[in-house]
Amino acid sequence: MKLLLEGARQLGLSLTGEHLRMFQVYYGELVAWNARFNLTAITDYEQVQVRHFLDSLSCVRALVGTDYLLPVTLAGPALRLARPLTCIDVGSGAGFPGLPLKIVFPRLHLTLLEATGKKVTFLEHMVERLGLEEVMVIKGRAEELGQMPGHRERYDLVLARAVAELPALAEYLLPLCRLGGLCIAQKGIEAQAEVASAQAALAILGGELRRIIPVELPGLAETRHLVVLEKTARTPEKYPRRPGMPTKRPL
Ligand code: SAM
C-alpha cells in the first residue's frame, strides 16, 4: 500500500497501520468478489490504490478551507472532520468514493446509495467486514430518495463519481443536499464542458458552482477534476423527476 500511503500524505492525510490494514482487506474482498459480481475493471494492486482508493480520498481537497474540517493548527499534522457530517455517496458501485473516505474519517455518517442489487450486496458485506459503524446501505435510485422526507435536503455532503453527466447528475445530487451544504462530482477532463452545459440545471435546482479543482494522481496521465457545488436555494418540489427522466431529458 505504498502508493496509497504516499498519495494520501500528499493530500494531507496520515494513514495509520489500521487504515492500511482496512484498505488491504477492502482490496482483497474487491478482487475476490469481482469474479462473480463484475464490480470493477480495475483489479491490479497498484491501480486499485491509485484509481479507486486515492481517487476517492482526493475529495478531501474540496473540503480544505471549509468549516467541515478542523483548522490545520488545531488538527495537527492530519486533516480531521470538524464534526460528524452526514454524507451520501450516490451510485456508489463498489463503494467509491464513500468507503475510502469513511475509513479515513470514521466520524462520517455515511449513506451508500446504489441501484444495482449485487453491488448493494457487496457494499453490505464490506461494511460488515470492515466493522464500520454509522453506515447505511440503500438499494434505490437517487430520483426516489430525493423525494423522501428522510433524505431530501438532509445531507451536509453529497458525492458521486462516474454516475451521469452533470446536467442529470445535478438533479440526482442537489435535492439530497441541505441548504448551505456541498456536492462534489468527480469528473475527468470533460469537467469544464459539463459545467457549462449544466448552468440551467444548477439555476433551477438551487446549486451554484464553487470551484473546479484539478487533481493529479501518481502515475496517471490524465488530470481528474472535482466539481464543487454549493446548495444556495431550496430545490423546487417537482425535482427530482421520476426515475429515468433526468438522463432522458436533462434540464
Ligand atoms: N461510483 C462508483 C465508482 O466510481 O466506482 C460506481 C460508478 S458506476 C459507473 C455507476 C453506478 O451508479 C452504477 O453502479 C449504477 O448502478 C449507479 N447508478 C446509476 N444511476 C443511478 C441512480 N439514478 N440512482 C442510484 N444509483 C445509480
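## A buried acid and its partner

Glu153 is buried, since its relative accessible area is 13% and the limit for buried is under 20%. This is a predicted model. Arg234 is exposed, with a relative accessible area of 59%. The side chains of Glu153 and Arg234 form a salt bridge, at 2.4 Å from N to O. Glu153 sits in the loop between α7 and β4 (155-161), while Arg234 sits in the loop between β7 and α11 (245-248), so the salt bridge ties together parts that are 81 residues apart in sequence.

Side chains of opposite charge can pair when their charged atoms come close. In this model the count comes to 15 salt bridges.

## More links across the chain

Glu171 also has an arginine partner. Its salt bridge is with Arg241, and the closest N and O atoms are 2.7 Å apart. Glu171 belongs to helix α8 (residues 166-173) and Arg241 to the loop between β7 and α11, so this pair ties together parts 70 residues apart in sequence. Are these two residues, Glu171 and Arg241, buried or exposed? Both Glu171 and Arg241 are buried.

Glu222 and Arg51 form another salt bridge, with 3.5 Å between the closest N and O atoms. This pair links distant parts of the chain, 171 residues apart. Glu222 is in the loop between β6 (207-215) and β7 (224-231), and Arg51 is in helix α3. Glu222 counts as partly exposed because its relative accessibility is 34%. Arg51 is also partly exposed, at 28% relative accessibility. Elsewhere, salt bridges that share partners join Asp55, Arg161 and Arg224 into one network.

## Strand β1 and its neighbours

Now for the strands. Strand β1 (residues 86-90) is mostly covered, with four of its five residues buried. Which strands does β1 pair with? One is β2, which runs parallel to β1 and is joined to it by five bridges. Another is β4, also parallel to β1, with three bridges between them.

Single residues show how the strands line up. Cys87 stands opposite Leu110 in β2. Ile88 has Val158 in β4 as its bridge partner. In a regular strand the side chains alternate between the two faces of the sheet. Helix α5 (residues 98-104) joins the picture too: β1, α5 and β2 make a right-handed β-α-β unit.

## The largest pocket

Rolling a probe the size of a water molecule over the atoms shows where empty space is left. The largest pocket holds about 620 Å³ of space. It is lined by 33 residues. Which of them lie nearest its centre? They are Gly91, Phe96, Arg161, Ala162 and Val163. Arg161 is also part of the salt-bridge network with Asp55 and Arg224.

Four elements give two or more residues to this lining: α3 (45-57), β2 (109-114), α7 (142-145) and β5 (177-187). Helix α3 gives the most, with three residues. By class, the lining has 13 nonpolar, nine polar and 11 charged residues.

## The second largest pocket

The second largest pocket has a volume of about 260 Å³. Its lining is made of 13 residues. Leu79, Arg80, Val104, Phe105 and Pro106 are the closest to its centre. Nine of the lining residues are nonpolar, two are polar and two are charged.

Methods: Residues numbered from 1 in each chain as written. Predicted model: local features only at pLDDT ≥ 70, side-chain atom pairs only at ≥ 80, totals over all residues. Heavy atoms only, no water. 1 Å grid on protein atoms, 1.4 Å probe; cavity = no way out; pocket = protein on both sides within 12 Å on 5 of 7 lines; lining within 4 Å. Points joined across faces, edges and corners; volume = space filled by probe spheres on them. Nonpolar A, V, L, I, M, F, W, Y, C, P; charged D, E, K, R; others polar. Salt bridge = Lys/Arg side-chain N within 4 Å of Asp/Glu carboxyl O. Buried < 20%, exposed > 50% of the residue type's maximum accessible area, 1.4 Å probe, protein only. Pairing = 2+ DSSP bridges. Right-handed = clockwise from strand over helix to strand, strands pointing away.
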